[in-house]
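Trainee: I should like a close look at a single part of this model, namely any space enclosed within the protein. Please include the residues and elements around such a space.

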Amino acid sequence: MNHDMLTCKKCLLYEMPDAKRYQNMYDYIANLDDDVKVPESVYQQRLSICKECDQLLAGMCRICGCYVEMRAVMKQRSCPAVDAKW
């Protein structure tokens, strides 16, 4: 079995075997001004909601195509579902 072909369907990017591939995104998030980001507790709550959502696929939202870790950190963003979950 080729492990390069395996992708965690219900994982966030940092949980995937090739998480280092996304380091630029994590650096970007870390360097955002605090006035743009939600508090860490809110961020983690949003991510936990995303992890339970059927629209999460390999770290991306199937509704809007974003990386949920990027969307969830921003104050001005919300869940893109018709009935937003956060």
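Mentor: The account below goes from the chain as a whole to the enclosed space, and then to its surroundings.

This is a predicted model, in which local features need pLDDT of at least 70 and side-chain atom pairs count only at pLDDT 80 or more, while totals for chains, interfaces and linings use all residues. Residues are numbered from 1 along each chain as its sequence is written, and side-chain values use heavy atoms, with hydrogens and water left out.

The protein chain has three helices and two strands, in the order α-α-β-β-α from the N terminus. Here helices (H or I, at least four residues) and strands (E, at least two) are DSSP runs, numbered from the N terminus. Of its 86 residues, 35% count as buried; buried means under 20% relative accessible area, exposed over 50%, and partly exposed in between (1.4 Å probe, protein chains only).

The search of the whole structure finds one cavity of 30 Å³ or more. A cavity is a set of points, on a 1 Å grid over the protein atoms alone, where a 1.4 Å probe fits but cannot get out; lining residues have an atom within 4 Å of a point. About 100 Å³ of space lies in the largest cavity, a volume being the space filled by probe spheres set on the points, which are joined across faces, edges and corners. Its lining consists of 13 residues, and C50, C53, C61, V68 and C79 lie nearest the centre. Two elements, α2 (40-52) and β2 (60-61), give two or more residues to this lining. By class, the lining has 11 nonpolar residues, one polar and one charged; Ala, Val, Leu, Ile, Met, Phe, Trp, Tyr, Cys and Pro count as nonpolar, Asp, Glu, Lys and Arg as charged, and the others, Gly among them, as polar.

Several of the central residues are cysteines, so the question of bonding should be settled. The whole structure has zero disulfides, a disulfide being a pair of cysteine sulfur atoms within 2.5 Å. For C53, the nearest cysteine sulfur is that of C79, 6.2 Å away. C53 is buried, with a relative accessible area of 12%. Elsewhere, the sulfur of C64 is 3.2 Å from that of C66, its closest cysteine sulfur, which is too far for a bond. C64 is partly exposed, at 37% relative accessible area.

Helix α2 has 13 residues and reaches 19 Å from its first C-alpha to its last, close to the expected 18 Å; the expected span is 1.5 Å times one less than the number of residues. Its residues Y43, R46, L47 and C50 are buried. They lie on the same side of α2, because they cover an arc of only 100 degrees around the axis, taken from the directions from the helix axis to the C-beta atoms. C50 thus belongs both to this buried group and to the residues nearest the cavity centre. The face turned away from the buried side carries the exposed residues S41 and E52. S48 is also in α2 and is partly exposed, with a relative accessible area of 39%. The C-alpha atoms of S48 and L12 are 9.5 Å apart in space, while the two residues are 36 apart in sequence.

Note on methods: On a 1 Å grid over the protein atoms alone, a cavity is a set of points where a 1.4 Å probe fits but cannot get out, and a pocket is an open set with protein on both sides within 12 Å along at least five of seven lines; lining residues have an atom within 4 Å of a point.
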